[in-house]
Amino acid sequence: MAKLTKKQKKMAELDPTRVYDVDEAISTVKANATAKFDETVEIALNLGVDPRHADQMVRGVVTLPAGTGKAVRVAVFAKGDKAEEAKKAGADLVGAEDLMEAIQNGQIDFDRVIATPDMMGVVGRLGKVLGPKGLMPNPKLGTVTPNVAEAVQAAKGGQVEFRVEKAGIIHSGIGKASFSEADLRKNFDAFLDAIVKARPSGAKGKYVKKVAISSSMGPGLKVDVGEAAGA
């Protein structure tokens, strides 16, 4: 029988049935994130919703106070002065029909798409490409806006989008293992607060059913839902 590595032994000592308080879960995840790269710390929530019903969809954006620790590449559909504003704000790709053609040809090297309202006729032609990837600009998420500079800065400054999946699950990165425990806690609280505030009108009964924290290569640790959700 092959010998277990130090990391495997450490992982084996974790009790998968145990429920942690938030701070202990964060410190344990950090302690076990020993990969050769800076692992992402992730949160996963199981919500009491059925997103197949429009009045139970949970979707929105939240700015993580300590940032994401990830370099976010932003593409902007804009022309004229708005295109210049986007470039000055740090957008990685700016264009109109030319950008649409590049995306149609498979060049999708960005994490967020922002568009001015007048460009949605062009962007709309990319629905089948951007839609399945969750990249389609949306006014409700602030990614269809005349204020492109502000939107670019928000996207690069720690703003993350969230959307519930079919099984009622939402998951997102909330920082890096190299972050301090205090910064991860700030981001955890901000993300969870945004989810609670986004509770849809059609959600009945218990809303936040389960919460777990993990790192990219580590196991998920169950978090006390009552403490986490303040309920």
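Trainee: What share of the contacts between residues at least 6 apart in sequence join residues at least 24 apart?

Mentor: In this predicted model, 72% of the contacts between residues at least 6 apart in the protein chain join residues at least 24 apart, where a contact requires heavy atoms within 4.5 Å.

Trainee: Why are Val148, Ala151, Val152 and Ala155 of helix α7 called buried?

Mentor: The word applies to a relative accessible area under 20%, and these four residues of α7, which runs over residues 148-156, are buried in that sense. They lie on the same side of α7 because they cover an arc of only 100 degrees around the axis. Among the elements that cover them are β4 (74-77), α3 (80-88), β6 (112-115) and β7 (159-163).

Trainee: What makes β1 and β8 edge strands?

Mentor: Two strands pair if there are at least two bridges between them, and β1 (19-20) and β8 (169-176) each pair on one side only, so they are the edge strands of the open sheet with the order β1-β10-β9-β2-β8.

Trainee: How do you know that β2 and β8 pair?

Mentor: The criterion asks for at least two bridges, whereas strand β2 (residues 40-47) and β8 have 6 bridges in the antiparallel sense, so the pairing is established. One of the bridge partners is Ile169 in β8, which is matched with Asn46.

Trainee: Which helix lies across β2 and β8, and at what angle to β8 does it run?

Mentor: Helix α8 (residues 181-197) lies across β2, β8, β9 (208-215) and β10 (221-223), and α8 runs at about 155 degrees to β8.

Key:
Residues numbered from 1 in each chain as written. Predicted model: local features only at pLDDT ≥ 70, side-chain atom pairs only at ≥ 80, totals over all residues. Heavy atoms only, no water. Buried < 20%, exposed > 50% of the residue type's maximum accessible area, 1.4 Å probe, protein only. Helix = DSSP H or I, 4+ residues; strand = E, 2+ residues; numbered from the N terminus. Arc of directions from axis to C-beta. Axes fitted to C-alpha atoms, helices over the stretch in contact; angles between N-to-C directions.
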